[in-house]
Amino acid sequence: MAPLGRAALLVAFGCLAYAALAGGYAALRRRKRLALSARNALLAGFGATAIATAVLVAALLRHDFTFTYVAEHTSVGLPARYRLSALWGGQEGSLLFWLLVLTGYSSIAVLAARRAGQDLLAWVVPILGTIGAFFAFLVVAIASPFHTQMAPPDGLGLTPSLQNPYMLIHPPMLYLGYVGLSVPFAFAMATLLARRGDEMWIVVTRRWTLLAWAFLGVGQLLGAHWAYVEVGWGGYYAWDPVENAALMPWLAATAFLHSVMIQEKRGMLKVWNMLLVVLAFCLAIFGDFLTRSGVINSIHSFAQGKVGPWLLGFICAVTAGSLALVFARLPMLRARTRLESLVSREATFLYNNLLLVALCLTILWGVAFPLLSEAVRGQTVTIARPYYDFFLRVFGLPLLLLMGIGPLVAWRRASLRALGNAFLGPALLAVATGIALIALGAGSSRPGLIAYTFSVFVLASIALEFVRGTRARRSLAGGSWPTAFGSLVARNRRRYGGYVVHAAVVLLAIGVAGSSAYQTVREQRLRPGQSMEVAGYTIAFQGTTEGQSSNARELRTHLLLSRGDRSLGTIAPGKNYYPAERSSSNEVAIRHSYLTLEDVYVIADQIDAKGGGVYFKVLVKPLVNLIWLAGGVFVLGSLITLWPDAREERRLAARYRAEGALVRV
Amino acid sequence: MGGKRSPVRLVVALSVAGVLAIFLVYTALAGGGTPSLRPSQLAGHTERVSLVGKVVGPVVGQSHSTAGMRFRVRDVNGTASTRVVYHGSKPDLFRTGRDIVVDGHLRNGRFVAVPGTLVTKCPSKYTAKS
Amino acid sequence: MTAALVIAALVAVAAVLLAALPFLRDPSPAADRLERQDELERRTLELAEERDRALAALKELEFDHRTGKVSDEDYRRLVGPLRIRAAQTLRALEPEVPEPPEPPQPAREPTPPEPVPEPYPPDEITPPAPPLVPEPGPRN
């Protein structure tokens, strides 16, 4: 079946290349049938890619070890769901998966926006086709998943540390996010190529951007949770280049989400938005490059890349081409209005954008600097945690504060007096909380204290927004408080969904501040019968047991956890030893407190199974569970903003009827 | 951004200047990162560096014992190697033949690692940090 | 193996057919041109977007005023120019109607502006009848 896969990929490449070339010609010469033909080719590209993917998935599920890829990434004993996840677990398969998502998104995008201006769509097709053709070229010629061999008796299997549910969801979520940024990019460039001066591309791609951004955000949180629970070094984010690879496009996309609102409302920042969407897309591809090329000292890297140089070349070409296009169309991108006041909601959006982009670029520098240093001086350096922590505080804390200020400021021009009135309540609450926190001992970390105080300010201003809005709605339309609240949110989904997302970010900030600035760490070697004290908890080591699972030898230490004289149960950290893969894994024990949201996190090292001593590392992390809670709130907020709004659709339809074309988003 | 002199350009320019200023101050104070060296490049460096290489030969001792865990690290693409002694948590993936990164100082011909800085790379697979 | 080749061939044929479909459906079309905005359509769309922007800004101002974010005096200061702007955009989008010739009139005192009507309910989507405001001053 491998030849079928290879053939299908060739067909896909042909379709996408045709979509790119014929589509470009059709858009240039305004040939309607050729443009339609190119669009159909894009759809056919998806079909062919889907068939190729099906071939690979079938081989993975069938243990077809004649496929080199299957033999390298699965084994006979591997459960079916991890055999499926091997699709995105290796270099070639994940490239194919990327192509699948890309062609899938492209098809949906061109079909859903079918009536959004023929001249615009005519350019969207060749752009998406070019991106697709590039990735198809990679899977056809550079990193094909369809190499065959003599079937060995068994495959190499999947690293035990990857055999967990996170492997099933974290990579696909990230890919759905990364690839999703291609759509707004394509529509933006198409707008420039079609010489359209309107905002249709923003209207059409708004939900795409939101969706991609939400997937990227959730994917990252899942990755953090995976690191925390499964990998078990005690943290959830290590500023590893591959982690940053997902953070950077997410930050750029966040900035973009905000600044397009300004363009929609005021017709400003057109050039800025074009540059941002190019940045977000290029960072997404760059992130892919970082993960695949093995160029950076990262433990996430795939094999030394054959793919790396191609991706880098693609990024350079895309960046150069897009910038040239934006520059060429600069006269068309003149704003209709200007910023009236530096104290206005537009201005706060601008400041927020600047901070987000600054943070994004500092992270980018931290990632790229080792590469540049090697290329220029011949010596590699590593940029470590303190660098990132510093800039996260310098840019992140003001961003946090802005989230609370923004909603309180009016559009166009806000009088300072009105602003002062609006701020007073939340500011007083925040200061009071700050003082209370100092009294409780939170003064030990100044950034942590600042983060907490700012967070209270933001939460208070968000709550105030909801209260004021519900009250106004109730005075307008009557009804009970809950109904007024419901209809308030339903009628202003973007605004209030946005507030919910802001609340999620604040919860995240509190969780991060608590679990990093205020955590306690203690390491000690204990023999059975001994105990240790950490942050008010007593941990008593009772003994070690040994068990056996289907593929591992499991060593567990048993610890009795108590606080004061109240017993909190037992936890059992330990290690698993996998004879087939000749490796071991850390099995940490975490005890969640549902009241205080803190975790007691225990790592057991160098376990002497014959009743000897064990090294325990105990971390007490306050408020860490807020981070995961924030994820749930984030999803809720995103859903609210994404939810279709019939009234908005009617309004947009009326607008574009003026042009003789309807928009269906 | 069109019209009369818009404050947006000014704000953007000032912000860029501000960010660069903060950045330069930080780099001047905190330095430009830790040098990342292969065993063949170690000679003569007395400051804290990151050693990158492949674990070769037998691994002797326990990382939590007083004597520490001892092993040799070789250039990934070369033959030069150095002895390393490490104390602290041993990552799961650590094994002879794996690529590692560890911080430390070169002392008397031996690389004395900073506890807890040992990171093992798993080739050609997605892995998470240990 | 042959099954694979057959399927592969089918896939290729299907792809080519799909790409050729527009040509097969309509071998000799009357017009094969992609629609593009002409100047009028472009201008209309621009105006429609401006109209929507002006109306949305009015609606948000209403909402902000109602929720107490904008004080009464700030509201009075801001709402006038916004209403004028909205009226301008609405007027610009109306189809051209030839003006009836004006009978000669003696110069008269400028009429005081009509009192500004009550703001339309903020949740209305349909644009209101153009409010009675004096002739627009110099363009914003």
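**Entry 1: which chains touch**

I looked first at chain B and chain C and found that they do not touch, with 11 Å between their nearest C-alpha atoms; I count two residues as in contact if their C-beta atoms, placed from the backbone, lie within 7 Å. Two pairs of chains do touch, and the pair with the most contacts is chains A and C.

I note here that this is a predicted model, in which local features need pLDDT of at least 70 and side-chain atom pairs count only at pLDDT 80 or more, while totals for chains, interfaces and linings use all residues. Residues are numbered from 1 along each chain as its sequence is written, and chains are lettered from A and ligands numbered from 1 in the order in which they are written.

**Entry 2: chain A against chain C**

I looked up how many residues take part, and found 46 residues of chain A in contact with 43 residues of chain C. On the chain A side, the elements that give two or more residues are helix 1 (2-29), helix 2 (32-61), helix 6, helix 15 (416-439), helix 16 (446-477) and helix 20 (646-657), and helix 2 gives the most, with eleven residues. Helices here are DSSP runs of H or I with at least four residues, strands are runs of E with at least two, and both are numbered from the N terminus.

I then sorted the chain A side by residue type and obtained 23 nonpolar, eight polar and 15 charged residues. In this sorting Ala, Val, Leu, Ile, Met, Phe, Trp, Tyr, Cys and Pro count as nonpolar, Asp, Glu, Lys and Arg as charged, and the others, Gly among them, as polar.

For chain C itself I recorded three helices and zero strands, which read along the sequence as α-α-α. Of its 140 residues, 21% are buried; a residue is buried if 20 or more other C-beta atoms lie within 10 Å of its own, exposed if 12 or fewer, and partly exposed in between, with C-beta atoms placed from the backbone.

**Entry 3: chain A as a whole**

I counted 20 helices and eleven strands in chain A, and its C-alpha trace spans about 80 × 75 × 60 Å along its principal axes. The radius of gyration, taken over C-alpha atoms, can be set against a globule rule of 2.2 Å times the number of residues to the power 0.38; for 665 residues a compact globule would be near 26 Å, and chain A, with 27 Å, agrees. Buried residues make up 57% of the 665 residues of chain A. When I took the contacts in chain A between residues at least 6 apart in sequence, I found that 71% join residues at least 24 apart.

**Entry 4: domains**

Chain A is divided into domain 1 (1-163), domain 2 (167-381), domain 3 (394-518) and domain 4 (520-621), with bounds that come from an automatic or database domain assignment. The centres of domain 1 and domain 2 of chain A, taken over C-alpha atoms, are 23 Å apart, and their contact takes 28 residues from domain 1 and 31 residues from domain 2. On the domain 1 side, the elements giving two or more residues are helix 4 (80-85), helix 5 (91-112) and helix 6 (118-142) of chain A, and the largest share, ten residues, comes from helix 6. That side divides into 21 nonpolar, five polar and two charged residues.

In chain B I found domain 1 (1-32) and domain 2 (36-121), whose C-alpha centres lie 41 Å apart.

**Entry 5: helix 12 of chain A**

Helix 12 (residues 307-328) of chain A has 22 residues and reaches 31 Å from its first C-alpha to its last, close to the 32 Å expected, where the expected span is 1.5 Å times one less than the number of residues. Its buried residues are A:Val307, A:Trp310, A:Leu311, A:Phe314, A:Val318, A:Ser322 and A:Val326. They cover an arc of only 120 degrees around the axis, which puts them on the same side of the helix; the arc is that of the directions from the helix axis to the C-beta atoms. On the other side I listed exposed residues, including A:Gly313, A:Cys316 and A:Phe327.

**Entry 6: two positive phi angles**

Most residues other than glycine have a negative phi. A:Leu269, not a glycine, has a positive phi of about 60 degrees; this residue lies in the loop between helix 10 (241-266) and helix 11 (270-293) of chain A and counts as buried, with 25 C-beta neighbours inside 10 Å. A:His63 also is not a glycine and has a positive phi of about 60 degrees; its place is in the loop between helix 2 and helix 3 (68-73) of chain A, and with 17 other C-beta atoms within 10 Å it is partly exposed.
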